[in-house]
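Welcome, and please get your viewer ready. We will take the stops one at a time, selecting something new at each.

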Amino acid sequence: MQINMPVDDNVINQLKIYDMVEITGKIFTGRDAVLPKIVKCIEEGTCEEKGIHLTGGAVFHTAVSPAGIGPTSSNKVDIEGSIPALSEAGIKMHIGKGSLKKETTEALKKYNSIFLVTPPSTAFLTASIKSRRVVAFPEEGMEALHEIEVENFPAIVAIAHGESIYDK
Amino acid sequence: MITRKEIVDKTAETLLKASTVFRPDQLEAYKRAAESEDSEHAKWVLNNIIKNAEIAEDKVFPLCDDTGIPHVLVEVGEDAVVPAGFFSAVEEGVAEGLRKLPGRPMAVKGNDYERISQSAGLSEDSSDLAMAPMQIRRISGKKIRLTLMMYGGGPEIRGKTLRVFHKHSVDTVVNEMIEWAVEGAKLLGCLPCILSFGIGRSNLEAASLSMEAMAKGNFTVQSEMEKKITDEVNKAGYGALGLGGKTTALATFVKVGPQRASGIRVVSMRLGCCFDPRRAEWEFEA
């Protein structure tokens, strides 16, 4: 299934676990260093003034370095811990790798957001990038909040609507 | 006579090859695994990894964005003369290779406290990433063989070095190794895993033997012990990328060292990710 960013609830409602998708459009990237900072912005209500528009968006758990992009483990405390708040603030898709806790599955269900995984195929994924820019927190370098424009970025739905492939 | 330039250039080339190229036995293991899978999702992941390897080799681009910490094994022939400055030339070659790759700029700056807490930031220069201390072995002949491996971070989270009470049974030790691997594989995102084990007398020796297992392991030549571990781990059914299927582990490499008269064996496990071992070698005629 082709997904064009940004997405709304109608798109999310059509997706179920094990669905294979290709994503085209602009997505955020962030990992351990910056995601807790975004959560703080959400709590303080300062996202919009920093140019961070989360509604209908996706966050790919990766750094953006000269060595390319590739999913880091989403079950790291700082990353998984950001998923509920980001979902509540409008992020519809979290993309990474590794299993997540039941509490996170529940939070995703509550805010109608989903978790997708993608193989750590850096050479392949990096070839899908059409443009990139730093959105916020440039002091974090490769771990800053980036926006990348991707074309036919491959992923598979791992958690959706309270169901997880890791419970199978 | 080996020149310094030759050592630097060949080390840099070896680092690039280790970081961007699947070896034939590695590729064959992936193709066999993809063919054996019934699940379309598992096939999709395994074929994606193969496609990634083709692009990486073609474009000389990193297989994985976690380009890893360089680890070097140097095997010195009994009749070889190691030229003055050999080790610093290898270090220079590693730095040159990281610049060319380019490696992920992940060297942590600062004093002891700042490096531990990562509070003084990162270097922007890929080549500032120091390699791990070299391991040295003796071999016969006149060659100096350099094996370069790139250690990604995920396996370091799931790896383990610990004593095992063997109770005078190989099965006791092997079953413990399988248990560690299954436990770690459940949380490793980048499945299938490639397992490397060293069994020795001390924590350092076991870890060093695990590195040697990784340096020498061949995906298509598996011992009875290695095959048993792979097969047992695959029964867990986590599958490629955790999506289920037959391939949780692609292969296992084991190196058993000398043992001491004791009730324990020290086992070191690297639960390697799907690109492990990122490895290449070069032989210098000394």
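This tour goes through a predicted model, stop by stop.

**Stop 1: chain A as a whole**

Start by selecting chain A and colouring it by secondary structure. You should find six helices and eight strands. Followed along the sequence, they come in the order β-α-β-α-β-α-α-β-α-β-α-β-β-β. The radius of gyration of this chain is 14 Å, close to the 15 Å that the globule rule gives for 168 residues, so chain A is as compact as a globular protein of that length. Turn it around: along the principal axes, its C-alpha atoms fill a box of roughly 40 × 35 × 25 Å. Of the 168 residues in chain A, 52% are buried. Contacts also reach across the sequence: among those between residues at least 6 apart, 69% join residues at least 24 apart.

**Stop 2: one residue in chain A**

Now select A:Glu147, which you will find in strand β7 of chain A. Is A:Glu147 buried or partly exposed? It has 19 C-beta neighbours inside 10 Å, and a residue needs 20 or more to be called buried, so A:Glu147 counts as partly exposed. Show its contacts next: beyond the neighbours within four places in sequence, A:Glu147 is in contact with A:Lys26, A:Phe28, A:Arg133 and A:Val135. For a sense of distance, draw a line from A:Glu147 to A:Asp8: they are 139 residues apart in sequence and 19 Å apart in space, C-alpha to C-alpha.

**Stop 3: where the chains meet**

Bring chain B into view. Here 33 residues of chain B are in contact with 32 residues of chain A. On the chain B side, the largest share comes from helix α3 (residues 40-59) of chain B, with ten residues. Colour that side by class and you get 18 nonpolar, ten polar and five charged residues.

**Stop 4: the largest nonpolar core**

Which residues touch the most other members of the largest nonpolar core? Select A:Leu116, B:Met177, B:Ala181 and B:Leu195; the core has 133 residues in total. Strand β7 (residues 145-160) of chain A gives the most to this core, ten residues. Then centre on B:Leu195: leaving out residues up to four places away in sequence, B:Leu195 touches B:Ala181, B:Ile229, B:Ala249, B:Thr252, B:Phe253, B:Met269, B:Leu271 and B:Gly272.

**Stop 5: a strand with two partners**

Select strand β3 (residues 143-151) of chain B. Seven of its nine residues are buried, so β3(B) is largely enclosed by the rest of the structure. Add strand β1 (residues 69-77) of chain B: eight bridges join it to β3(B), and the two run antiparallel. Then add strand β8 (residues 278-285) of chain B, which is also antiparallel to β3(B) and joined to it by eight bridges. Zoom in on B:Ile144, which stands opposite B:Val76 and also opposite B:Phe284 in β8(B).

**Stop 6: two helices of chain B**

Select helix α1 (residues 4-20) of chain B. At 1.5 Å a residue, its 17 residues should span 24 Å, and the end C-alpha atoms are 25 Å apart, which agrees. Its buried residues include B:Ile7, B:Val8 and B:Leu15. What covers the buried residues of α1(B)? Look for α3, β1, α4 (86-100), β3 and β8 of chain B, which are included in that cover.

Finish with helix α8 (residues 203-216) of chain B. The expected span for its 14 residues is 20 Å, and its end C-alpha atoms are 20 Å apart, which agrees. Among the buried residues of α8(B) are B:Leu209, B:Met211 and B:Glu212.

Terms used
Residues numbered from 1 in each chain as written. Chains lettered and ligands numbered in written order. Predicted model: local features only at pLDDT ≥ 70, side-chain atom pairs only at ≥ 80, totals over all residues. Core = buried A, V, L, I, M, F, W, Y, C linked by C-beta atoms within 7 Å. Buried ≥ 20, exposed ≤ 12 C-beta atoms within 10 Å, placed from the backbone. Helix = DSSP H or I, 4+ residues; strand = E, 2+ residues; numbered from the N terminus. Contact = placed C-beta atoms within 7 Å. Pairing = 2+ DSSP bridges. Nonpolar A, V, L, I, M, F, W, Y, C, P; charged D, E, K, R; others polar. Expected span 1.5 Å × (residues − 1). Rg over C-alpha atoms; globule rule 2.2 N^0.38 Å.
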